[in-house]
Amino acid sequence: MGLTSLEGTIKENANNCTNAHFMLIEGMSKLLTRKVKRCGSLDFHVSGLKWKFVIRSDVVKDYISFFLDITDEKCTGSNWQVNCSVKLSVVSQTGPPDICKVFVMCFDEKHPSWGQDIFITDEVLEEKYLLNDKAVFSAEITNVKPNFLKFTSISRTLGTAESLKLMDVARKNSRFTWKITRFSSFDGVTHSSYEFTLGPRTWKLEMYPKGDKGGEGHLSFYLTATDYVTNLPKGPTLAVYKLRLLDQLKRNHKEPEYQALFAPGANCWGCSKYIPLTELHNTSNGYLVNDQIYLSVEFLIVSTTEYL
């Protein structure tokens, strides 16, 4: 697939900034309206260490926050430290100069993430740095000095770049429903639905009929992301979704909304105390009828990521 003018410019910038990573966000308005609270980049390598950055809209009202995280396997446990210089930027698409903020950062076990809560106001980003619902962020990392005894800094010849798309899910494809019969006969700790596919991942629903750890006396209910079904990079997948328990009598469904970044590998997000078992078994609520319940998920927004 050919690159658009903007994507080509980002790729050119990455080629000229060997220690930088760029992220194009398509659907930035979802962060500005708080439909999405955070999104994260793919892992990238600079100076032989692995990093990622996170853009958030839920830290300070009317501001976008920008954080850099160190995610390298060598930076776990205690007694490690990495000092570096970092330039975090919002990249201009239309003429105004980039917004660049330079920091000297010290990462350690207590501070694996650094950045700024009030990096840019919603108003400035929307007026000067948002074009066709797209915004570009970058992190350039230099002067990396870890305290590891055995460490070899690896120089890069090119920077890296990615495109993250925050996509509304078409209503006709957004739902999966799990019918559970003979609910009272379920034994064991947890039970799972069949897997289904949406966006770049396969998914399944999981429930604990007597409650997960910390959720005793409740039905625990989760959405789990499992494998990838595309050749796109295996990075975190953002999902905004509703976990629904159907009211079979009055259609007054229980359907709280969640959003989560599902990391690579099987991982789940939901609620350990989704509904008290007393409320579930109350016949007037219509959730448990003839010993059967319906658990459902409706996806609202899902992300996809590809390298540029």
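**What the cut-offs say about a two-domain chain**

Modeller: Let me open with residues 173–299. Their end C-alpha atoms lie 9 Å apart, and the span is 4% helix and 49% strand.

Colleague: What counts as a helix or a strand here?

Modeller: Both are DSSP runs, numbered from the N terminus: a helix is H or I over at least four residues, a strand is E over at least two. By that rule the chain has four helices and 19 strands. The model is predicted: local features need pLDDT of at least 70, side-chain atom pairs need 80 or more, and totals for chains, interfaces and linings use all residues. Numbering starts from 1 along each chain as its sequence is written, and side-chain values use heavy atoms, without hydrogens or water.

Colleague: Which residues does UniProt list for "domain: MATH"?

Modeller: The unreviewed UniProt entry lists 18–141 and 173–299. Its positions are in the numbering used here, feature names are shortened, and annotations may be inferred rather than shown by experiment. In 18–141 the end C-alpha atoms lie 9 Å apart, with 10% helix and 54% strand.

Colleague: Where do the bounds of domain 1 and domain 2 fall?

Modeller: Domain 1 is 4–164 and domain 2 is 169–305. Such bounds come from an automatic or database domain assignment. The centres of the two, taken over C-alpha atoms, are separated by 32 Å.

Colleague: What puts domain 1 in contact with domain 2?

Modeller: Contact means heavy atoms within 4.5 Å. Against that cut-off, 13 residues of domain 1 touch 11 residues of domain 2. The pair buries about 860 Å², 72% of it on carbon and sulfur atoms. Buried area is the accessible area (1.4 Å probe) that two parts lose on being put together, summed over both.

Colleague: Why is the largest nonpolar core said to lie between domain 1 and domain 2?

Modeller: A nonpolar core is a set of buried Ala, Val, Leu, Ile, Met, Phe, Trp, Tyr and Cys residues joined through side-chain atoms within 4.5 Å. The largest has 43 residues; Ile25, Trp51, Leu68, Val82, Leu125 and Phe137 have the most contacts inside it. Domain 1 and domain 2 both give residues to this core, so it lies between them. Another core lies apart from it, with 33 residues, including Ile180, Phe221, Ile293 and Val302.

Colleague: What makes Phe107 buried?

Modeller: Buried means under 20% relative accessible area, exposed means over 50%, and partly exposed is in between (1.4 Å probe, protein chains only). Phe107 has 0%, so it counts as buried. Phe107 lies in strand β7, residues 99–108. Beyond four places in sequence, its contacts include Trp51, Leu68, Val82 and Cys84. Over the chain of 308 residues, 48% count as buried.

Colleague: Why does Cys84 form no bond with Cys106?

Modeller: A disulfide is a pair of cysteine sulfur atoms within 2.5 Å. Cys106 holds the closest cysteine sulfur to that of Cys84, yet the distance is 8.7 Å, so it is too far for a bond. Cys84 is also buried, at 2% relative accessibility.

Colleague: What rules out a bond for Cys39?

Modeller: Its closest cysteine sulfur is in Cys100, 19 Å away, and therefore too far. Cys39 is buried, with a relative accessible area of 1%. The disulfide count comes to zero.

Colleague: What is notable about the phi of Asp62?

Modeller: Most residues other than glycine have a negative phi. Asp62 is not a glycine, yet its phi is positive, about 70°. Asp62 sits in the loop between β4 (49–56) and β5 (63–70). With 42% relative accessibility, Asp62 is partly exposed.

Colleague: Why is Arg182 called exposed?

Modeller: Its relative accessibility is 60%, so Arg182 passes the exposed cut-off. Arg182 is in the loop between β11 (175–180) and β12 (191–192). Its phi is positive too, near 50°, in a residue other than glycine.

Colleague: What makes Thr190 partly exposed?

Modeller: Thr190 has 34% relative accessibility, so it falls between the two cut-offs. Thr190 lies in the loop between β11 and β12. Not counting residues up to four places away, Thr190 touches Glu206, Met207 and Tyr208. Its C-alpha atom is 8.0 Å from that of Asp212, which is 22 residues away along the chain.
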